[in-house]
Protein chains: 4
Amino acid sequence: MTHFDFETELQVRDYECDIQGIVNNANYLHYLEHCRHQFIQKAGIGFAGLHNEGIDAVVIRAEIDYKSSLRPGEEFVVRLKLKKHGHLRIIFDQQIIRKNDNKLIIDAQITTVLTRKGKPVPSQMLVDVINQAGIDVPEV
Amino acid sequence: MTHFDFETELQVRDYECDIQGIVNNANYLHYLEHCRHQFIQKAGIGFAGLHNEGIDAVVIRAEIDYKSSLRPGEEFVVRLKLKKHGHLRIIFDQQIIRKNDNKLIIDAQITTVLTRKGKPVPSQMLVDVINQAGIDVPEV
Amino acid sequence: MTHFDFETELQVRDYECDIQGIVNNANYLHYLEHCRHQFIQKAGIGFAGLHNEGIDAVVIRAEIDYKSSLRPGEEFVVRLKLKKHGHLRIIFDQQIIRKNDNKLIIDAQITTVLTRKGKPVPSQMLVDVINQAGIDVPEV
Amino acid sequence: MTHFDFETELQVRDYECDIQGIVNNANYLHYLEHCRHQFIQKAGIGFAGLHNEGIDAVVIRAEIDYKSSLRPGEEFVVRLKLKKHGHLRIIFDQQIIRKNDNKLIIDAQITTVLTRKGKPVPSQMLVDVINQAGIDVPEV
């Protein structure tokens with residue numbers, strides 16, 4: 001079984017669902033982002049805090065496989081593991097799992113970089129913070 | 001130069017931007033979806049109309065390259081071309097281009113299927129409607 | 001001290017904040033709605049379930065006083081008490097309170113009606129369900 | 001007939017609608033905000049620009065009457081007139097009107113103040129900009 005570095009539990013809110021009665025496809029990106037932000041917050045540095053220091057964590061690529069759909073009120077787990085790719089990219093492997101039947105809903109790979117004034121900066125600064133929180137960030 | 005089958009013009013709304021002062025990464029999926037839905041509406045059949053007939057157009061995979069960011073008030077074009085993959089999948093190649101400098105903001109490939117009661121149904125029915133609107137849907 | 005009939009705890013997600021670094025004013029309506037929907041779900045009847053039975057709970061008036069703002073990551077309580085106004089209206093008095101300092105963030109009054117095919121229907125049916133869950137719905 | 005100071009035309013996007021097939025009640029606040037922000041942008045000063053100068057325009061009270069609902073694809077006009085209340089408050093009277101039948105969908109009154117570092121500052125600075133754009137801001 002795959003190991004994950006962090007997970008958070010959420011519940012579908014009705015307004016996140018569209019006419020089809022299922023969560024709108026864009027909202028899963030919100031769930032995935034919220035999990036990543038909670039993770040880096042827990043590691044000791046927030047997304048808003050980073051921004052105030054002039055550093056922005058930016059998504060440069062997202063690959064999302066929509067395996068199934070969530071419906072109003074359903075509880076789910078969003079989880080992630082992360083890895084380093086080169087000296088700029090941090091890649092998050094993320095999944096969304098429905099709680100009542102452990103069904104895989106979303107399988108995603110989100111690639112991020114850090115930027116300062118719009119220019120990429122080495123990811124090592126964020127990796128150091130994460131390492132200090134006791135989490136290994138393997139290279140790929 | 002690549003040909004596109006449809007395009008729509010939009011403007012960034014302030015509430016679509018987050019703390020970083022740029023459009024939140026999930027909102028680009030909203031822009032891409034809105035373009036696809038306007039397209040099928042124009043072809044003669046709406047997303048809501050499809051749903052009322054028991055057929056749901058569902059995204060099964062999204063690949064999004066975030067090339068640059070949009071800021072408050074900026075005007076942009078969302079465009080698409082589509083192709084058929086097998087008898088189930090319709091793939092939309094989509095781009096978001098900023099108007100004032102023609103900069104490529106988003107390059108995306110969105111794979112969709114039609115479903116009835118949660119089961120995939122052949123895409124031909126939608127392809128026929130699109131063909132009748134004078135748009136070719138090549139196979140890949 | 002005022003009594004409330006139901007409360008739920010939430011945490012601000014970064015994407016809910018806008019350029020000002022605070023929760024966008026529309027998102028507080030999402031929080032208030034989510035609390036109401038969780039409440040009626042807990043009472044034994046869901047918003048989606050109601051819709052599938054042909055009955056829609058619709059907001060007809062909202063009065064919202066924005067007393068202060070929530071910021072990224074802050075935890076808060078959304079709470080409600082409800083009352084009956086005439087045989088059509090159910091009015092929800094709602095508050096949003098920040099957890100770390102008990103500060104009142106939002107004070108709101110949301111008036112709702114039930115509709116079937118766009119026509120109002122008596123609220124008694126919903127009041128009965130809520131009463132059966134052991135909650136009194138006073139008249140005003 | 002009432003005079004309005006500014007109006008903008010929009011179209012419902014499918015993702016703005018919820019399970020009931022109508023625009024979710026929070027999204028009308030987005031429409032109203034977008035109209036106000038376009039107005040002050042046109043008057044010569046943007047919401048984001050204000051924020052960068054350390055001044056935030058903040059909603060302190062919203063009263064919204066939901067008269068009817070918008071559905072997918074419907075075109076509508078959002079309009080506003082504004083007035084000054086005391087030396088701090090600017091009040092926007094706003095309406096949303098469906099285009100195809102001129103039906104009143106939303107009737108709202110949105111009260112705003114300007115703040116600098118969280119403290120209210122006189123609205124005169126914004127009133128001056130609006131006056132210079134040729135629009136009168138009556139006192140109430």
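The contact between the two chains draws on 18 residues of chain B and 19 residues of chain A, where two residues count as touching if their C-beta atoms, placed from the backbone, lie within 7 Å. This is a predicted model, in which local features need pLDDT of at least 70, side-chain atom pairs count only at pLDDT 80 or more, and totals for chains, interfaces and linings use all residues. Residues are numbered from 1 along each chain as its sequence is written, while chains are lettered from A and ligands numbered from 1 in the order in which they are written.

On the chain B side, two or more residues each come from helix H1 (27-43), helix H2 (47-52) and strand E2 (55-66); helices (H or I, at least four residues) and strands (E, at least two) are DSSP runs, numbered from the N terminus. E2(B) chips in the largest share, 9 residues. Sorted by class, this side has 9 nonpolar, 4 polar and 5 charged residues, with Ala, Val, Leu, Ile, Met, Phe, Trp, Tyr, Cys and Pro taken as nonpolar, Asp, Glu, Lys and Arg as charged, and the others, Gly among them, as polar.

Strand E2 (residues 55-66) of chain A also meets E2(B) directly: 5 bridges join the two, and they run antiparallel. Strands pair if DSSP finds at least two bridges between them. Within this pairing, A:Ala62 sits opposite B:Ile64.

As for symmetry, chain B lands on chain A after a rotation of 180° with 0.0 Å of shift along the axis (RMSD 0.0 Å), the fit being by least squares on the C-alpha atoms of residues with pLDDT of at least 70 in both copies. The two copies are therefore related as by a two-fold rotation axis. Both use the same surface, as 100% of the contact residues of chain B recur in chain A. Among the residues of chain B, B:Glu63 comes closest to the rotation axis, its C-alpha lying at 2.2 Å.
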